[in-house]
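Colleague: Before I trust the words used for this protein, I would like to see how each of them is earned.

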Amino acid sequence: MALFSFASNQESIFVKIICLTGGIASGKSSAAMLLESLGAKVIDADKLGRRSYQKGTLTYDKLVKAFGSKIIRSNGEIDRKILGTIVFKEKKLLRKLTDIVWPSIRLMAEREIEALKKTDKKTTIVFEAAVLIEAGWETIGTETWVIEVTPEVAIKRILLRDQISQSEAQARINSQLTNRERAAKADKIITNNDSTEEFLRKVTECWRLGVG
């Protein structure tokens, strides 16, 4: 994993970069918000992804070239829903999309990290990404935190939150990495199968042990 250091007054200063990930309904976004309130600078990969699709970017041009004008809305922007219906029908097309978008998101994340390091050389940065491990982005950070939830608990949360069928919820679980696959890349695993209060306590404890 990457370790960023800077020379200041002949001292070495290390910027800690936590790569934060977890499956659907695991609570990674809640963890990121808590870490931000505790002083971390958070970079959200999903927000970077939305920016990468915008008209005028190199990624936009590549996507239109790859998938055609049918993915463009009347306002000239890419319709992500239409694009989604195209790529999720075939794994080869989905790979075509991620081969375009994932490198762009990584580059944007690295640029944001560099900008944050310039403004605060003692900060801790959190890079939150649902597909962190799938995209190989864990190499950006100094350590990887995985938020883990059992499939049974995840399905219950998805059903309550998204109001979809159990089979649809199970399909979403099946489409992502398993807990074991994420754990193999983790420096810290934080379970979230109980109350929200208990989960946030665990996140806070990990933060204090690692930073405080």
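The talk below takes up a helix, some salt bridges and a buried acid.

Modeller: Please keep in mind that this is a predicted model, in which local features need pLDDT of at least 70, side-chain atom pairs count only at pLDDT 80 or more, and totals for chains, interfaces and linings use all residues. Residues are numbered from 1 along each chain as its sequence is written, and side-chain values use heavy atoms, with hydrogens and water left out.

Colleague: How do you know that the span of helix α10 agrees with what it should be?

Modeller: Helices are DSSP runs of H or I with at least four residues, strands are runs of E with at least two, and both are numbered from the N terminus. The expected span is 1.5 Å times one less than the number of residues, so the 15 residues of α10 (196–210) should span 21 Å, and the end C-alpha atoms are indeed 21 Å apart.

Colleague: Which residues of α10 are buried, and what covers them?

Modeller: Buried means under 20% relative accessible area, exposed means over 50%, and partly exposed lies in between (1.4 Å probe, protein chains only). The buried residues of α10 are Phe 199, Lys 202, Val 203, Thr 204, Cys 206 and Trp 207, and their cover includes α1, β4, β5 and β6.

Colleague: What makes Glu 143 and Lys 188 a salt bridge?

Modeller: The rule asks for a side-chain nitrogen of Lys or Arg within 4 Å of a carboxyl oxygen of Asp or Glu, and the closest N and O atoms of Glu 143 and Lys 188 are 3.3 Å apart, which satisfies it. Because Glu 143 lies in strand β5 and Lys 188 in strand β6, the pair ties together parts that are 45 residues apart in sequence.

Colleague: Why is Glu 143 called buried but Lys 188 partly exposed?

Modeller: Glu 143 has a relative accessible area of 13%, which is under 20% and therefore buried, whereas Lys 188, at 22%, counts as partly exposed.

Colleague: What is the nearest side chain of opposite charge to Asp 79, and how far away is it?

Modeller: Lys and Arg count as positive, Asp and Glu as negative, and His and the chain ends are not counted. For Asp 79, which is buried, that side chain is Arg 73 at 5.0 Å, and Asp 79 has no salt bridge. The side chain of Asp 79 does, however, reach the backbone nitrogen of Ile 82 at 3.1 Å.

Key
Contact means heavy atoms within 4.5 Å. A polar contact is a pair of N or O atoms within 3.5 Å; within protein, one must be able to donate a hydrogen and the other to accept it, and residues adjacent in sequence count only if both atoms are side-chain atoms.
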